[in-house]
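Thanks for passing this one along. Here are my notes, set out as numbered points so that you can follow them with the model open.

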Amino acid sequence: MNGKITALIMAGKRSGVHDPLAQRAGVSQKCVVPVYGVPMIERVIREVAGCDRIGAIHVVAHDHEEIAAQPTVAKLIDEGRLSFREGKFNIVDSVFSGAEGASFPLMITTADNCLVTSDGYAEFIDKALAAEAGAAAALARKQDVQAADPQGQAKFYEFTDGGYSNCNTYWIGSKEALSAAEIMREGGQFVKFPKRIAKAFGWMNLIRFYMGWGTKEMIFQQVSRRFGFNMVPIVMSNGEYAIDVDNERTFEVTERLLAKREGAAA
């Protein structure tokens, strides 16, 4: 769309599982759970749509109706800017589904990234373009995340140049680089499940990761060789971007931060 980035927003749900946050809120899926008074997907769509680097928006979901009823979503559908893609039974096939008919590059984010702003998405896109990234992942510094809220994240990736947390925002620079999505096939929770690093990146890179052999740039360079294109770590300026709504603890953290942010704006 006019040379702009296509955004994929992952808003699916786990097959056969009723998310505890959704169950408590009385809705059928997590992405429409209100956080500080506004459904998660509505918050994320507002910020994505408000980023002037982004054109078309693809929402990847299993159930469309609750999402399509959100005011900003409905408006963007009417404008022809937002469309739905079918959610699959794993994250990678859902990314492939979301990429159907899309122009590249793609930016992938999740419907529970309630703290990422339009400026944050612009920062990520600008840095990925400047790095000529084939693929990229947004990271936040450990000290920045902890400064945002000490309860925001419990675990971090540790490199020789410091600790970092994943911001659940990714870059796919071309159709050929879409194979990088295979990294996320088992959910992307590498800190909790180290075998996933080995499967995605290779055992040698797993050893480097756990022994602290190298900076994040060195590790990404090794992974780039494995995949055959330039994979880049993008360090974000705001530690809040690494805090998504994953459970009761992060729900409460997110509400605290939104109350602080929106109270200050008011």
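1. Please keep in mind that this is a predicted model. I begin with Thr-109, a residue of strand 6, which spans residues 106–110. Its relative accessibility is 0%, so Thr-109 counts as buried. The side chain of Thr-109 still has a polar partner: the side chain of Asn-113, at 3.0 Å. Beyond four places in sequence, the contacts of Thr-109 are Leu-8, Ile-9, Met-10, Val-44, Val-48, Tyr-121, Asn-168 and Thr-169.

2. One of those contacts, Asn-168, deserves a look of its own. Asn-168 belongs to strand 9 (residues 162–172), and its phi is positive, near 55°, although the residue is not a glycine. Is Asn-168 buried or exposed? With 17% relative accessibility, Asn-168 falls under the 20% cut-off and therefore counts as buried.

3. Glu-132 also has a positive phi without being a glycine, here about 50°. Glu-132 sits in the loop that links helix 6 (118–130) to strand 7 (135–141). Its relative accessible area is 68%, so Glu-132 is exposed. If you are checking backbone angles, Glu-132 and Asn-168 can go on your list together.

4. While you are on the backbone, look at the peptide bond from Phe-104 to Pro-105, which is cis, with omega near 5°. Pro-105 is in the loop between helix 5 (91–99) and strand 6.

5. Now for the nonpolar interior. In soluble globular proteins, nonpolar side chains tend to be buried together. Here the largest nonpolar core has 56 residues, and Ile-41, Ile-45, Ile-54, Ile-57, Val-59 and Ile-67 have the most contacts inside it. Helix 2 (residues 40–49) supplies the largest share of this core, with six residues. A second core, separate from that one, has 18 residues, among them Met-10, Val-60, Ala-137 and Tyr-170.

6. Which residues does Ile-54 contact, leaving aside neighbours within four places in sequence? They are Lys-4, Ile-5, Ala-7, Val-48, Arg-81, Met-107, Tyr-121 and Ile-125. Val-48 and Tyr-121 appear here and also among the contacts of Thr-109.

7. Helix 4 (residues 71–79) makes a neat case for looking down an axis. Its buried residues are Thr-72, Val-73 and Leu-76. Seen that way, they fall within an arc of 100°, so they line one face of helix 4. Pro-71 and Asp-78, on the other side of the helix, are exposed. The cover over the buried residues includes helix 2, strand 4 (54–61), helix 3 (65–68) and strand 5 (82–86). Gly-80, just after helix 4, has a positive phi of about 80°.

8. Finally, have a look at Lys-13, in the loop between strand 1 (5–10) and helix 1 (20–25). Its relative accessibility of 32% lies between the 20% and 50% cut-offs, which is why Lys-13 counts as partly exposed. Not counting residues up to four places away in sequence, Lys-13 touches Ser-28, Gln-29, His-62 and Asp-63. The C-alpha atoms of Lys-13 and Gly-87 are separated by 8.2 Å, with the two residues 74 apart along the chain.

Key: Residues numbered from 1 in each chain as written. Predicted model: local features only at pLDDT ≥ 70, side-chain atom pairs only at ≥ 80, totals over all residues. Heavy atoms only, no water. Helix = DSSP H or I, 4+ residues; strand = E, 2+ residues; numbered from the N terminus. Buried < 20%, exposed > 50% of the residue type's maximum accessible area, 1.4 Å probe, protein only. Polar contact = N/O pair within 3.5 Å; in protein donor to acceptor, adjacent residues only side chain to side chain. Contact = heavy atoms within 4.5 Å. Core = buried A, V, L, I, M, F, W, Y, C linked by side-chain atoms within 4.5 Å. Arc of directions from axis to C-beta.
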